[in-house]
Amino acid sequence: MTDDQQLRVSKIKNGTVIDHIAGGQALNVLAILGIDGGSGDALSVAMNVPSDRLGKKDIVKIEGRELSQAEVDVLSLIAPAASINIVREYDVVEKHRVERPEVVEGVLECPNHNCISTKDEPVESRFAVTDDGVRCEYCETIIRDDLPAHILVE
Ligand code: CTP
Ligand code: ZN
């Protein structure tokens with residue numbers, strides 16, 4: 001590629017770059033993290049850009065926010081190949097791959113309306129992560145497809 005054909009998304013100063021997100025999943029990544037651009041911090045989203053490893057990939061750059069390990073774990077549900085780069089003063093100071101957590105808490109809403117976690121009780125949702133989806137630890141309901149549709153909106 002010649003230089004002026006290269007995609008350029010600005011480097012960030014301090015924050016997190018989520019790279020190698022499967023093509024088309026960036027908006028779901030933002031939803032799962034509860035990021036909607038309302039904080040006023042710079043946010044860059046590149047979707048379906050060419051990638052050697054994935055064919056097409058998405059990239060999210062979040063200025064002014066370092067993701068916690070819990071947030072990173074949850075990302076693995078929809079972006080298993082993602083790499084997380086923590087940036088300070090323009091340098092990548094930490095780089096890690098997401099890992100599939102055993103349990104996700106308070107992130108997904110159980111589709112069973114009779115489940116105690118969906119009622120007016122102070123019970124946080126809790127799902128065990130399995131090979132073929134996630135399973136509610138209260139009522140055993142399994143969510144196999146379309147996890148982003150079950151993300152709890154804050
Ligand atoms: N990045 C950024 N702002 C910075 C530093 C890095 O936006 N101040 C971005 C880069 O554009 C890249 C990602 O963070 O998308 C990782 O940066 P780096 O480790 O320098 O790049 P690579 O070595 O290509 O990463 P990898 O090996 O993970 O593909
Ligand atoms: Zn349930």
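This note reviews the two ligand sites of a predicted model.

1. The zinc ion (ligand 2) has four cysteine sulfurs as its protein donors: the SG atoms of C110, C115, C136 and C139, at 2.2 to 2.4 Å from the ion. The angles among these four donor atoms run from 98 to 115°, and the site is tetrahedral. For four tetrahedral donors the ideal angle is 109.5 degrees.

2. Along the sequence, the donor residues of the zinc ion (ligand 2) follow the spacing C-x4-C-x20-C-x2-C. C115 sits in the loop between strand 6 (103-105) and strand 7 (126-130), whereas C139 sits in the loop between strand 8 (133-136) and strand 9 (142-143), so this pair ties together parts that are 24 residues apart in sequence.

3. The two cysteines of that pair may be described by their exposure. C115 is buried, its relative accessible area being 2%, while C139 is partly exposed at 24%.

4. Ligand 1 is surrounded by K11, I12, V17, D19, H20, K61, N85, V87, Y90, V92 and K95. By class, this shell comprises five nonpolar, two polar and four charged residues. Strand 1 (15-22), strand 4 (83-88) and strand 5 (91-97) each contribute at least two residues to the shell, and strand 1 provides the largest share, three residues.

5. Polar contacts to ligand 1 involve both side chains and backbone. A polar side-chain atom of K61 is 2.7 Å from an oxygen atom of ligand 1, and an N or O atom in the side chain of K95 is likewise 2.7 Å from an oxygen atom of the ligand. Y90 places a backbone N or O atom 2.8 Å from a nitrogen atom of ligand 1. The protein buries 64% of the 600 Å² that ligand 1 exposes when taken alone.

Terms used:
Residues numbered from 1 in each chain as written. Chains lettered and ligands numbered in written order. Predicted model: local features only at pLDDT ≥ 70, side-chain atom pairs only at ≥ 80, totals over all residues. Heavy atoms only, no water. Donors = N, O, S within 2.8 Å, 3.2 Å for Na, K, Ca; no water. Tetrahedral: all angles 85-135°; square planar, octahedral: opposite > 155°, others 65-115°. Helix = DSSP H or I, 4+ residues; strand = E, 2+ residues; numbered from the N terminus. Buried < 20%, exposed > 50% of the residue type's maximum accessible area, 1.4 Å probe, protein only. Near = heavy atom within 4 Å. Polar contact = N/O pair within 3.5 Å; in protein donor to acceptor, adjacent residues only side chain to side chain. Areas by Shrake-Rupley, 256 points an atom, 1.4 Å probe, with all protein chains shown as cover. Nonpolar A, V, L, I, M, F, W, Y, C, P; charged D, E, K, R; others polar.
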